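Here is my note on the model you sent round. Please read it with the coordinates open.

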Amino acid sequence: MMTSRLKYLKKVIKSTAVFLLSLTAIAALSFFLVARLPGDAALNSMLPMGVTDTAVIENLRQSLGLDLSLPLRFINWLKGVLQLDFGQSFYYARAVSSVLADASSVTVKVCTLAAFMILILALPLGFYCALKPDGIIDKILHILAVLCLSLPTFLIGLIILSIGGAKLKIIGTLPATAYADLIIPALTLALPLVTYYIRQIRIAVLKEIDKPYICALIVRGIKLNRILVKHILPRALIALLPLAAISLARLLCGSVIVETVFSLNGLGAVALKAVTMRDINLIEAYIIYCAVIFILLNKSVDIICRRLSRYDEKGEDDV
């Protein structure tokens, strides 16, 4: 028992160390790359207010620490990050954490709705297409998948906005103010992913159905629903979860195109504004946020896949 606990503790320490080292490397690399971007953050923050006085801009540059050397600026910034202080946003003139918190609330709502749509649509339709391949519905969904994956996301958004907002008046064309207003942006994000995952689920399920042990289970008289839930679904998820983790991470990091089309002040729109205005602190915080999301989701999926793979290690017990 003690040996197993020590092994588990070593794995936790190793994973934590790799996580921190990866995050530090990403932060350092991105900081020096962003700092080399053309433009002046102090000047960009003053121009919207009509301030062009050189002395004022220089004083602001000194107050922001932009006159220091890059290594010193990185050390000062890293000290703040270790205290969960990402500094002030040059453009928004308030704490970076506050800006990201407001933006992430919008992005998380849209992401939650999109993920829910993907789950309730892709999973049953993918299984249906696998159980009845080359049927009418399977062929129609295949055509829709090609269409949705071929069209740019912004075009899908503009079509929905034009038909549903300008003509049918069933959705608003102004920035979203209620949770219901986020359904259409979420649908715009979800449509390409729904059609993509329908095909992926279909492929994974068909691959599993063709295995000999499934035929043996059917011959033994085991119900199809039990076979689907207990045997096919867990093994199909092993192949699909890594793809789902990447898709979820991308959704959580915001979508610049969809947020721009629907005038949403989410993470994608904030990140675009930060890059445009050369808001270094905000860019850095956004990069770290995305890195944490991707690392944690990938690690979580890795753990889940290991648990699911135990089905294969145990063998087909019901055969």
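The points below go through confidence, cores, salt bridges, cavities and pockets.

1. Confidence. This is a predicted model. The mean pLDDT of the protein chain is 79. Of its residues, 83% reach 70 or more. Among the elements, helix H5 (residues 96-131) has the highest mean pLDDT, at 89. Helix H14 (residues 310-314) has the lowest, at 56. Where pLDDT is low, the predicted coordinates should not be read in detail.

2. The largest nonpolar core. It holds 49 residues. Ile 118, Val 205, Ile 232, Leu 251 and Phe 262 have the most contacts inside it. Seven helices are listed by name as supplying at least two residues each: H5, H7 (153-167), H8 (183-209), H9 (212-219), H10, H11 and H13 (280-308). H8 gives the most to this core, with 11 residues.

3. Another core. Apart from the largest core lies another, of 29 residues. Its members include Val 81, Ala 103, Val 270 and Ala 271. Ala 103 and Val 270 also line the second largest cavity, which is taken up in point 8.

4. Salt bridges overall. How many salt bridges does a search of the whole structure find? The count is six. A network of salt bridges links Asp 134, Asp 138, Arg 199 and Arg 202.

5. Asp 138 and Arg 199. Within that network, Asp 138 forms a salt bridge with Arg 199, and the closest N and O atoms are 2.9 Å apart. The pair links distant parts of the chain. Asp 138 sits in helix H6 (residues 136-150) and Arg 199 in helix H8, 61 residues apart. Are these two residues buried or exposed? Asp 138 counts as buried because its relative accessibility is 4%, and buried means under 20%. Arg 199 is buried too, with a relative accessible area of 16%.

6. Arg 235 and Glu 208. Their side chains meet in a salt bridge at 3.8 Å, N to O. This pair also links distant parts of the chain. Arg 235 is in helix H10 and Glu 208 in helix H8, 27 residues apart. Both Arg 235 and Glu 208 are buried.

7. Arg 94 and Asp 102. The side chains of Arg 94 and Asp 102 meet in a salt bridge at 3.1 Å, N to O. Arg 94 counts as partly exposed, at 31% relative accessibility. Asp 102 also counts as partly exposed, at 41%. Arg 94 and Asp 102 turn up again in a cavity lining.

8. Cavities. The structure holds two cavities of 30 Å³ or more. The largest has a volume of about 60 Å³. Thr 107, Val 110, Cys 111, Leu 189, Arg 250 and Leu 251 are among the residues lining it. H5, H10 (224-252) and H11 (256-261) each give two or more residues to this lining. H5 gives the most, with three. By class, the lining divides into five nonpolar, three polar and two charged residues. The second largest cavity has about 30 Å³ of space. Tyr 92, Arg 94, Val 99, Asp 102, Ala 103, Asn 265 and Val 270 line it. Here too H5 gives the most, with three residues. This lining has four nonpolar, one polar and two charged residues.

9. The largest pocket. About 730 Å³ of space lies in it. It is lined by 20 residues, and Lys 11, Ser 15, Lys 299, Ile 303 and Arg 306 lie nearest its centre. H1 (2-35), H13 and H14 each supply at least two lining residues. The largest share, 10 residues, comes from H1. The lining divides into seven nonpolar, four polar and nine charged residues. Recall that H14 has the lowest mean pLDDT among the elements.

10. The second largest pocket. It has about 470 Å³ of space. Of the 20 residues that line it, Ala 115, Ile 118, Leu 119, Leu 241 and Ala 244 are the closest to its centre. Ile 118 is also one of the residues with the most contacts in the largest core. H5, H8, H10 and H13 each supply at least two lining residues. H10 gives the most, with eight. Which classes make up this lining? There are 18 nonpolar, two polar and no charged residues.

Definitions and conventions
Residues are numbered from 1 along each chain as its sequence is written. This is a predicted model: local features need pLDDT of at least 70, side-chain atom pairs count only at pLDDT 80 or more; totals for chains, interfaces and linings use all residues. Side-chain values use heavy atoms; hydrogens and water are left out. pLDDT is the predictor's confidence in each residue, from 0 to 100. Helices (H or I, at least four residues) and strands (E, at least two) are DSSP runs, numbered from the N terminus. On a 1 Å grid over the protein atoms alone, a cavity is a set of points where a 1.4 Å probe fits but cannot get out, and a pocket is an open set with protein on both sides within 12 Å along at least five of seven lines; lining residues have an atom within 4 Å of a point. Grid points are joined across faces, edges and corners, and a volume is the space filled by probe spheres set on the points. Ala, Val, Leu, Ile, Met, Phe, Trp, Tyr, Cys and Pro count as nonpolar, Asp, Glu, Lys and Arg as charged, and the others, Gly among them, as polar. A nonpolar core is a set of buried Ala, Val, Leu, Ile, Met, Phe, Trp, Tyr and Cys residues joined through side-chain atoms within 4.5 Å. Buried means under 20% relative accessible area, exposed over 50%, partly exposed in between (1.4 Å probe, protein chains only). A salt bridge is a side-chain nitrogen of Lys or Arg within 4 Å of a carboxyl oxygen of Asp or Glu.
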